[in-house]
Amino acid sequence: MTKEVTEIEVEVLEIDGIAPFVAQERSAEWPQQRGEWQDWRQWQGRVRRLDSRWWPLWLFLGIIAVGLALTVGLVIAVGLVILRVFLKIARAILR
């Protein structure tokens, strides 16, 4: 007895009340009419204001930026204080 492979073609109409995404094939006859510059029209209002969903990331990055700025400022300030003390000692010795 031989086993025959049976193929069943099924079209899914919906799963859990949601219709599945159907990929559409682009024909070679239809050239792409939208240029890349037209996609930026959607960003017109979004570029000027930050999306509120990303505020935790911006807060975290802001805290890191402030911490780095304070650290660099503190290192520069300590370096200047050490340089002034060294110059005062050098002037006292050379006089």
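**Close-up views of a predicted helical model**

In this predicted model, the chain has a mean pLDDT of 80, and 66% of its residues reach 70 or more.

**View 1. Helical elements of the chain and the confidence assigned to them.** The chain holds 3 helices and 0 strands, so that, read from the N terminus, its elements follow the order α-α-α. Among these elements, helix H1, which spans residues 36–39, has the lowest mean pLDDT, at 60, whereas H3 has the highest, at 96. Where pLDDT is low, the predicted coordinates should not be read in detail.

**View 2. Exposure of the chain as a whole.** About 10800 Å² of the chain is exposed, and carbon and sulfur atoms supply 63% of that area. Of the 95 residues in the chain, buried residues make up 0%.

**View 3. A nonpolar patch on the surface, with Leu 57 as one of its members.** Trp 54, Leu 57, Trp 58, Phe 60, Leu 61, Ile 64 and Leu 68 together make this nonpolar surface patch of about 720 Å². Leu 57 lies in helix H3, which covers residues 55–94. Leu 57 counts as partly exposed because its relative accessibility is 36%, a value between the limits of 20% and 50%.

**View 4. A patch of positive charge on the surface, with Arg 95 as one of its members.** Arg 84, Lys 88, Arg 91 and Arg 95 gather here in a surface patch of positive charge. Arg 95 itself is found in the segment after H3. With a relative accessibility of 83%, Arg 95 counts as exposed, because that class takes in residues over 50%.

How values were computed
Residues are numbered from 1 along each chain as its sequence is written. This is a predicted model: local features need pLDDT of at least 70, side-chain atom pairs count only at pLDDT 80 or more; totals for chains, interfaces and linings use all residues. Side-chain values use heavy atoms; hydrogens and water are left out. Patches are made of residues with over 30% relative accessible area and no salt bridge: like charges are joined within 9 Å, nonpolar side chains (Val, Leu, Ile, Met, Phe, Trp, Tyr) within 5 Å. Accessible areas come from the Shrake-Rupley method with a 1.4 Å probe; for residues, only the protein chains shown count as cover. A salt bridge is a side-chain nitrogen of Lys or Arg within 4 Å of a carboxyl oxygen of Asp or Glu. Helices (H or I, at least four residues) and strands (E, at least two) are DSSP runs, numbered from the N terminus. Buried means under 20% relative accessible area, exposed over 50%, partly exposed in between (1.4 Å probe, protein chains only). pLDDT is the predictor's confidence in each residue, from 0 to 100. Lys and Arg count as positive and Asp and Glu as negative; His and the chain ends are not counted. The place of a charge is taken as NZ of Lys, CZ of Arg, CG of Asp or CD of Glu.
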